[in-house]
Amino acid sequence: MTGGEKRGAQRSIRLHLVIGLAVVVVLAGGFGGWASTAQISGALIAPGSVVVDSNVKKVQHPTGGVVGELRARDGDLVKAGDVVVRLDDTVTKAGLAIVTKNLDGLWARGARLEAEQRGLDRVVFPASLLERANDPDVKNVIASETKLFEVRTNGRTGQKAQLRERVTQLNEEIAGLKAQEKAKDQEIALVEKELAGVRDLYEKHLVQISRLTALERDTARLNGERAQYIASRA
C-alpha cells in the first residue's frame, strides 16, 4: 500500500469513528432527556420464577419414604411420565393392612349391632366382607362377631326367661296378698261387730273397760295389718 492510500484509509476510519460516536451521543442524550421528563402513571407487576432448563433437577417425593428401586442413572434421558424411583412399600402395606383390619372389624361389629337391634336370628354381614371370607383376618372377625352375637342372644333369652318367671312369682304373691287382705277385712268386720256390742254393754255398765279397750286394740292392729298387705301388693 502506498503512502496516499494509507492516509486515505486512516481518514476513513476516523470518519466512521466520529459518526459512530455522534450516533451514540445523540441516542444517549435523546433517551436520557426523555427518561428525565417522561412521567409513568403506573406499572404492571406479576410474580414469576426463573427455572434453569438444562441443569440437574432435584427429584423429591411429597411425603418421603425409603427408596426401594432406582430406575434412572446419571446421564440417562427421561421424559414426562417415566418412572425414575420406586419407593419401598413395606411400611405402606403394613399401614394399609392395619387400617383395612380395623375397617373390617367395624363393619362386622356394625352388622352384629344392627342384627341385635332388629332382633334377627343371625348376623347379616356386608358383601364387602363376604367376598373376602377366605381371608384369615376377615374369617376371624366374622367368626368372632358371630360367636359374640350368639352369646349375647342366649344371654338375653335367659334373662327374658328369668323375668317371666319373676313376673309369675310376683303375680302369685299379689294373689296371696289379696287373699290375706280379704281375710283381714272379714276379721275386721267381725271384731267391729263385737266391738259395737261391747261398747253398748259398757255404756250400760255391764262390762269392764278392759274388755272394750282390748277389742279396740284388736281393731287397730287388724287395720294396720290390712294396710301393710295393701302396700305390699302395690
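Select Phe149 first: setting aside neighbours within four places in sequence, this residue is in contact with Arg112, Ala115, Glu116, Leu120, Asp121, Arg122 and Val123. The model on screen is a predicted one.

**The whole chain**

Zoom out to the full chain before continuing. Its secondary structure amounts to 5 helices and 2 strands, arranged along the sequence in the pattern α-β-β-α-α-α-α. The chain has 234 residues, of which 12% count as buried. Among contacts between residues at least 6 apart in sequence, 46% join residues at least 24 apart.

**The largest nonpolar core**

Return to Phe149 and add Ala108, Ala111, Ala115, Val123, Phe125, Leu129, Val138, Val141 and Ile142; together these 10 residues form the largest nonpolar core. Two helices, H2 (90-118) and H4, each supply at least two residues of this core. The greatest contribution is that of H4, with 4 residues. In soluble globular proteins, nonpolar side chains tend to be buried together.

**Helix H2 against helix H4**

Next, display H2 and H4 as a pair. Their axes come within 10 Å and cross at roughly 25 degrees. Since angles under 35 degrees count as roughly parallel, H2 and H4 are therefore roughly parallel to each other. Their crossing is right-handed.

To see which residues make this contact, select two sets. On H2, choose Asp104, Gly105, Ala108, Arg109, Arg112, Ala115 and Glu116. On H4, choose Val138, Val141, Glu145, Leu148, Phe149, Arg152 and Arg156. Coloured by residue class, the contact of H2 with H4 divides into 6 nonpolar, 1 polar and 7 charged residues.

**Three residues to examine at this contact**

Begin with Glu145, found in helix H4. Is Glu145 buried or exposed? Its relative accessible area is 9%, and because the cut-off for buried is under 20%, Glu145 counts as buried. Apart from neighbours within four places in sequence, Glu145 is in contact with Ala108, Arg109, Arg112 and Phe125. Of these partners, Ala108 and Phe125 also belong to the largest nonpolar core, while Arg109 and Arg112 are on the H2 side of the contact between H2 and H4.

Move to Val141, also placed in helix H4. Val141 is buried, with a relative accessible area of 16%. Not counting residues up to four places away in sequence, Val141 touches Asp104, Gly105 and Ala108. Draw a C-alpha to C-alpha distance from Val141 to Asp104: the two residues are 37 apart in sequence and 7.5 Å apart in space.

Follow that line to Asp104, which is in helix H2. Asp104 is buried, with a relative accessible area of 7%. Leaving aside neighbours within four places in sequence, Asp104 is in contact with Leu129, Arg132, Val138 and Val141. Leu129, Val138 and Val141 are among the members of the largest nonpolar core.

**The loop before H4**

From Asp104, step to Arg132, in the loop between helix H3 (127-130) and H4. Arg132 is partly exposed, with a relative accessible area of 31%. Its contacts, other than with neighbours within four places in sequence, are with Thr100, Asp104 and Val138.

**Helix H4 against helix H5**

Now show H4 (residues 136-203) with H5 (residues 209-233). These helices pack at an angle of about 160 degrees, with their axes 9 Å apart. Angles over 145 degrees count as roughly antiparallel, so H4 and H5 are roughly antiparallel to each other. H4 passes H5 in a left-handed crossing. The residues of the contact of H4 with H5 comprise 13 nonpolar, 4 polar and 14 charged.

For a single residue on this side of the tour, select Leu195, which lies in helix H4. Leu195 counts as buried, at 8% relative accessibility. Which residues does Leu195 touch, not counting those up to four places away in sequence? They are Leu212, Leu215, Glu216 and Thr219. As a last step, place a distance between the C-alpha atoms of Leu195 and Ala214: the separation is 9.3 Å, for residues 19 apart along the chain.

How values were computed. Residues numbered from 1 in each chain as written. Predicted model: local features only at pLDDT ≥ 70, side-chain atom pairs only at ≥ 80, totals over all residues. Heavy atoms only, no water. Axes fitted to C-alpha atoms, helices over the stretch in contact; angles between N-to-C directions. Parallel < 35°, antiparallel > 145°, perpendicular 65-115°, else oblique. Left-handed = near helix turned anticlockwise from the far one by under 90°. Nonpolar A, V, L, I, M, F, W, Y, C, P; charged D, E, K, R; others polar. Core = buried A, V, L, I, M, F, W, Y, C linked by side-chain atoms within 4.5 Å. Buried < 20%, exposed > 50% of the residue type's maximum accessible area, 1.4 Å probe, protein only. Contact = heavy atoms within 4.5 Å.
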